[in-house]
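Me: I'm new to reading protein models, and I'd like a close look at a single strand. Could you walk me through its surroundings and then step back to the chains?

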Amino acid sequence: MSTRIVEVRAKVMKQNDLLAHALRERFQASSVSVVSLVSSPGSGKTAFLEKIIGGLAGDFRVAALVGDLATENDAARLKRATPDVRQITTGTICHLDAHMIERALDGWQLDTLDFLFIENVGNLVCPSSYDLGEELRLVLLSATEGEDKPLKYPTIFNSSDVAIITKMDLAEAADFDLGAARRNIESVRPGMQIFEVSAKSGFGMREVLQFLRDRLVQSREDHPLMKAGISTN
Amino acid sequence: MHELSIVLSIIDEIGEQSEARDLHDVEVVHLNVGVFSGVDPNALLFAWELACEGTPFAKSRLDIEVVPLVIHCAVCRQNRTPPSLYQLCCPLCETPSDTIVTGRELEVVSLEVAA
C-alpha cells in the first residue's frame, strides 16, 4: 500500500517550552531573579544553597523550590535560611518541568520576591531537556566527583550558564585537578564563567553572592518597567 | 531516563496534529533527535513501544533521524563538526565555539499516512 508524507515540523517540547516562556515573562514582570541549580546527586546543591540564601536573606526576599523524588528533607534544611521554601516531590520523575514549577508557585506573591532558587532533582542527564523559565542555570561539580564529569555529561554542562565547583575544602584530599576541571568545562562550554567554592568553609561564596547581586541589578536595568522602588543594594 | 515523558509529549503532539489535519492510520512518525538534545534514541524507541499501546498510534512505527552536532567557527567562518560532543571547537583551527548550529533538535518532522 502506498503512503504519503505529511510535513508537521512540531517541536516535541513545545508544551513545556511555551509554559517556560510564560513563566519567564511572569518572572520578569515581577522583577524576580530566577536561578536554577543542576548537578549529580550529592554534589552539594543544598549546602551551597543554604549558604547563598543565608547570604542574601538579610537584604533580599528569597524563596526556593526544591525537587527530589522523595522526602521533604532539603526543604526543611533550606527553611532554616528562609521561610519561603517549597518542596516538589516528583515520585519517580527524574527531573523538574515547567508544569511542576507553575503548580508549585501557586499562591506565592512573586512581586514580593527578589530571588527565587530552583534546585532540580540530582541528575546530570534528564534536566537538560527542560526549560523551567529560569534566567540563569548553574551547574555544580564537586571536587570529589572527578575532573572529567563535564566531558562525560556535555549536554547539561553546555545547557548551563555558570559552573560552580563545590567542596573545594576537599580538593586536596581527593587529588582534585582543578586545572583539568576548568579545561574540561571550557571544552564543553567555551567561555563559561566558573566559580570555586566551599559551602563548608565559606571559601569563594562572597564572589558568588556578589555575582548574583550584580545580576539582579543588571536584569532590573534590562527590564525597567518592573517593580519600582525596590532597593537592590 | 525521561524518554517516557518525551514519548508521551510526542503522542500528544501527533494526536493533535492528526486530528487537526484529519489524518488516520499513521504508519510512520518521523522524528529528528539531535545528539545534544539530551534524549537517547534507543530509549525513545523502547518507550514508544510501551506508550503507544491503546492509542491510535499502536501500530505506528517511530523513525528517528539522528542530527549531528554542528558548530559555527568564527575564525574559519564555516559550520563545522567538532571533534567530539565534549570538545566544542573547530576541528581544523581548534578555535573554541559556543555557537551551536544543529544538534539540539527534538521535533516531529512528518507523519507518513496511508495514501
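Reply: Happy to! Let's start with a pair of neighbours in this predicted model. In chain A, strand β6 (residues 136-142) and strand β7 run parallel, and five bridges join them. Strand β7 of chain A, which covers residues 162-166, is the part we will look at closely.

To find your place on the β6 side, look for A:Ser142: the residue standing opposite it in β7(A) is A:Thr166.

Now turn to another partner of the strand. β7(A) is also joined to strand β8 (residues 193-196) of chain A, here by four bridges, and these two strands run parallel as well. A good landmark for this pairing is A:Ala163, which stands opposite A:Ile194 in β8(A). How does the chain get from β7(A) to β8(A)? It crosses through helix α7 (residues 178-188) of chain A, and this β-α-β crossover is right-handed. If you trace the backbone on your screen, follow β7(A), then helix α7, then β8(A).

Is the strand covered or open? Strand β7 of chain A is mostly covered, with four of its five residues buried. As you look along any strand, one general point helps: in a regular strand, the side chains alternate between the two faces of the sheet.

Let's step back to the chain that holds this strand. Chain A contains eight helices and eight strands. Its radius of gyration is 18 Å, close to the 17 Å that the globule rule gives for 233 residues, so chain A is as compact as a globular protein of that length. Its C-alpha atoms fill a box of roughly 70 × 45 × 35 Å, taken along the principal axes. Across the 233 residues of chain A, 44% count as buried. As for contacts between residues at least 6 apart in sequence, 74% of those in chain A join residues at least 24 apart.

Finally, have a look at chain B. Its secondary structure comes to two helices and six strands, and along the sequence these follow the pattern α-β-α-β-β-β-β-β. Chain B has a radius of gyration of 17 Å, whereas a compact globule of 115 residues would have one near 13 Å. The box filled by the C-alpha atoms of chain B is roughly 50 × 30 × 15 Å along the principal axes. Of the 115 residues in chain B, 32% count as buried. Among its contacts between residues at least 6 apart in sequence, 68% join residues at least 24 apart.

Key. Residues numbered from 1 in each chain as written. Chains lettered and ligands numbered in written order. Predicted model: local features only at pLDDT ≥ 70, side-chain atom pairs only at ≥ 80, totals over all residues. Buried ≥ 20, exposed ≤ 12 C-beta atoms within 10 Å, placed from the backbone. Pairing = 2+ DSSP bridges. Right-handed = clockwise from strand over helix to strand, strands pointing away. Rg over C-alpha atoms; globule rule 2.2 N^0.38 Å. Contact = placed C-beta atoms within 7 Å.
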